[in-house]
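Trainee: I'm new to this structure, and I'd like to learn how its descriptions are justified. Could we go through the terms together?

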Amino acid sequence: MAEDEDDIILSELSDEELVQQMHDDLYDGLKEEIEEGTQILLERGWEPYRVLTEALVGGMQIVGEDFRDGILFVPEVLLAANAMKAGMAILKPLLAETGAPTVGRIVIGTVKGDIHDIGQNLVTMMMEGAGFEVKNIGINNPVENFIEAAEEFDADFVGMSALLTTTMPYMKVVIDEMVAQGKRDKYMILVGGAPLNEEFGRAIGADAYCRDAAVAVETAKQMIARKHNQMARA
Ligand code: B1M
């Protein structure tokens, strides 16, 4: 691509300016710039985890806040998430090598009868960006899929998504079956999707309703911190 005089040369920016620029580029969904910025920071000796948290997660946090506040909309957020994924793809093998701490583990899926997956894919990306390990089991999941995946993955959280008023009651079927099998208390259960609300989440016995992906990340972080505190006291 031809560069005119106004083009910003990422490699000429200081670390601080580059991180700021990456936040802007992530906000604008500029995948190639995010890949380049990620490479530059690594070449300058930044630890992969620092690149992830300061440059990518920091940028995504701004995107998440503006999404929550109605300033950004789904297409922009998907582009930002895509750019972030490109940066994360570079960091992923390096993070595995350096053993960056995992915040927690979550199984997430859309419930039986429902094929909407854009929202839960966004939640997956934001959770991964915040340091969670996520097993996304996709769409149209019967109760046994959630239970088996949670056990196999040794999950801290089970996340369920539903976009239809006809499928949201199935979340209760999953929770009731977990109770029946004596497995309910092994997991923190998060639910989300456009037709849900706090009251519904409480009524079906979920631990929390998450209005959006940013809230899902914040809620999961708070809950895992509480769990660790309780374990430390026990
Ligand atoms: Co459908 N659809 N759709 N649809 N569709 C809705 C949901 C609808 C509200 C549209 C409308 O009529 N206004 C309506 C539901 C009405 C109702 O139940 N009251 C509807 C309908 C009726 C249908 C069909 C029945 C249509 C038909 O065939 N006659 C059919 C059902 C198919 C099925 O599931 N069995 C259907 C099909 C489809 C498409 C396949 C065409 C497509 C889905 C494509 C896909 O997902 N791959 C689709 C779409 C795109 C929509 C709308 C337009 C957009 C949904 C979306 O992706 N939103 C939707 C209208 C709307 O919601 N305004 C609609 C963006 C997404 C980022 O938001 O999913 O809410 P959302 O996720 C958010 C939060 O809710 C939260 O975080 C996310 C990110 O911030 N969240 C979680 C979600 N899951 C979470 C899980 C968590 C935490 C947070 O766990 C930890």
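Mentor: Gladly; we'll take the metal and ligand, then the cores, then a few single residues. This is a predicted model, in which local features need pLDDT of at least 70 and side-chain atom pairs count only at pLDDT 80 or more, while totals for chains, interfaces and linings use all residues. Residues are numbered from 1 along each chain as its sequence is written, and side-chain values use heavy atoms, with hydrogens and water left out.

Trainee: What makes His 116 a donor to the cobalt atom of the ligand?

Mentor: Donors are N, O and S atoms within 2.8 Å of the metal (3.2 Å for Na, K and Ca); water is not among the atoms, so sites may look incomplete. NE2 of His 116 is 2.2 Å from the cobalt, so it qualifies as a donor, and it is the single one from the protein. His 116 sits in the loop between strand 1 (105-110) and helix 5; helices (H or I, at least four residues) and strands (E, at least two) are DSSP runs, numbered from the N terminus.

Trainee: Which residues come nearest to the ligand?

Mentor: Ile 115, His 116, Asp 117, Ser 161 and Thr 165 do, out of 26 residues around the ligand. A residue is near a molecule or strand if one of its heavy atoms lies within 4 Å of it. Helix 5 (118-129), strand 3 (157-161) and strand 4 (188-192) each supply at least two residues of this shell, and helix 5 gives the most, with 4 residues.

Trainee: How do you know that Asp 117 makes a polar contact with the ligand?

Mentor: A polar contact is a pair of N or O atoms within 3.5 Å; within protein, one must be able to donate a hydrogen and the other to accept it, and residues adjacent in sequence count only if both atoms are side-chain atoms. A backbone N or O atom of Asp 117 lies 2.8 Å from a ligand oxygen, so the pair fits. Polar backbone atoms of Ala 213, at 3.0 Å, and of Ala 194, at 3.4 Å, also pair with a ligand oxygen.

Trainee: What is meant by a nonpolar core?

Mentor: It is a set of buried Ala, Val, Leu, Ile, Met, Phe, Trp, Tyr and Cys residues joined through side-chain atoms within 4.5 Å. The largest one has 51 residues, and Leu 41, Leu 56, Met 60, Met 127, Phe 157 and Leu 190 touch the most other members. Helix 4 (residues 74-98) gives the most to this core, with 9 residues. A second, separate core of 26 residues includes Val 143, Phe 146, Phe 153 and Ala 155.

Trainee: Why is Lys 183 called buried?

Mentor: Buried means under 20% relative accessible area, exposed over 50%, partly exposed in between (1.4 Å probe, protein chains only). Lys 183 has 18%, so it counts as buried. The side chains of Lys 183 and Gln 181 are joined by a polar contact of 2.7 Å.

Trainee: And are Asn 140 and Asp 154 buried, partly exposed or exposed?

Mentor: Asn 140 has 41%, so it is partly exposed, whereas Asp 154 has 56% and therefore counts as exposed.

Trainee: What makes their phi values worth a look?

Mentor: Most residues other than glycine have a negative phi. Phi is positive in both, near 55° for Asn 140 and near 50° for Asp 154. Asn 140 lies in the loop between strand 2 (133-136) and helix 6 (143-153), and Asp 154 in the loop between helix 6 and strand 3.
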